[in-house]
Amino acid sequence: MDSDQSIFERIMSGDIPSELLYEDDQAIVIKDINPQAPIHILLIPRVKIPRLVDADESHQALLGHLLLLAGKMAKQLGCDEAFRLIINNGAEAGQTVFHLHLHILANKSFEEGQLATAFG
Ligand code: 5GP
């Protein structure tokens, strides 16, 4: 096993099981193993970009794809009227897996002004 592989790369290669909701040639969508809301899914690009700040112009189309996919997944899951889209960038912001991913959280009440505590 390549020890530099992220957990998400191991999920994509089938080493680690996951609840797969969607996949295409650029990304996969899985349920979070430790959900913080009734709907908590992860949109993960197949290419490992460690953090959002590590993305560059070559990733522009991919980042757009992930945002559009977030909207499509929200519609598919029936939470398109109210969901949160979160990217943790850096350990101090709560990032634990250093392979860029977008969290969609929904079906819980989000208090006004509680962004920092809405997740985690
Ligand atoms: P971060 O804290 O890096 O923004 O988010 C990482 C997320 O990945 C966490 O919400 C965590 O629960 C999830 N996670 C970590 N390991 C696994 C795993 O093996 N399977 C799944 N489905 N989710 C995982």
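How far apart should the two ends of H2 be, at 1.5 Å a residue? The helix has 18 residues, so the expected span is 26 Å, and the end C-alpha atoms are in fact 26 Å apart, which agrees. Before I go on, please keep in mind that this is a predicted model.

Let me stay with H2. Three of its residues, Leu66, Leu69 and Met73, are buried. They lie on the same side of the helix, because the arc they cover around the axis is only 65°. The face turned away from that buried side carries exposed residues, namely Gln60, Ala61, Gly64, Leu67, Leu68 and Lys75. What do the buried residues of H2 pack against? The answer is four strands: E1, which is residues 20-23, together with E2, E3 and E5. Just after the helix comes Gly78, with a positive phi of about 75°.

Next, the core. The largest nonpolar core holds 17 residues. Those that touch the most other members are Val29, Ile41, Leu43, Met73, Ile104, Leu105 and Ala106. Two or more core residues come from each of helix H1 (7-12), strand E2 (27-31), strand E3 (39-45), helix H2 (60-77) and strand E5 (102-106). E5 gives the largest share, 4 residues.

I will take Leu43 as an example from this core. Leu43 sits in strand E3. Is Leu43 buried or exposed? It has 24 C-beta neighbours inside 10 Å, so Leu43 counts as buried. If we leave out residues up to four places away in sequence, Leu43 touches Ala27, Val29, Leu66, Leu69, Ala70, Met73, His101 and Leu102. That list includes Leu66, Leu69 and Met73, the buried residues of H2 I named a moment ago. Lys31 is 12 residues from Leu43 in sequence, and their C-alpha atoms are 9.1 Å apart in space.

Now strand E4, residues 83-86, where we find Phe83. Phe83 has 22 other C-beta atoms within 10 Å, and is therefore buried. Its contacts, again not counting residues up to four places away in sequence, are Ala74, Ile104, Leu105 and Ala106.

Leu85 is also placed in strand E4. With 16 other C-beta atoms within 10 Å, Leu85 is partly exposed. Leu85 touches Ala70, Leu102 and Ile104, with the same sequence neighbours left out. Between the C-alpha atoms of Leu85 and Ala106 there are 9.1 Å, although the two residues are 21 residues apart along the chain.

One loop residue deserves a mention. Asn107 is in the loop between E5 and helix H3, which is residues 115-118. Phi of Asn107 is near 70°, a positive value in a residue other than glycine. Asn107 counts as partly exposed, because it has 13 C-beta neighbours inside 10 Å. Asn107 and Phe83 are 24 residues apart in sequence, yet 7.4 Å apart in space from C-alpha to C-alpha.

Last, the ligand. Which residues come nearest to the ligand? There are 14 residues around it, and the nearest are Ile33, Asn34, Asn88, Thr96 and Val97. By type, the shell divides into 6 nonpolar, 6 polar and 2 charged residues.

Definitions and conventions
Residues are numbered from 1 along each chain as its sequence is written. This is a predicted model: local features need pLDDT of at least 70, side-chain atom pairs count only at pLDDT 80 or more; totals for chains, interfaces and linings use all residues. A residue is near a molecule or strand if its C-beta atom, placed from the backbone, lies within 6 Å of it. Ala, Val, Leu, Ile, Met, Phe, Trp, Tyr, Cys and Pro count as nonpolar, Asp, Glu, Lys and Arg as charged, and the others, Gly among them, as polar. A nonpolar core is a set of buried Ala, Val, Leu, Ile, Met, Phe, Trp, Tyr and Cys residues joined through C-beta atoms within 7 Å. A residue is buried if 20 or more other C-beta atoms lie within 10 Å of its own, exposed if 12 or fewer, and partly exposed in between; C-beta atoms are placed from the backbone. Two residues are in contact if their C-beta atoms, placed from the backbone, lie within 7 Å. The expected span of a helix is 1.5 Å times one less than its number of residues. The arc is that of the directions from the helix axis to the C-beta atoms.
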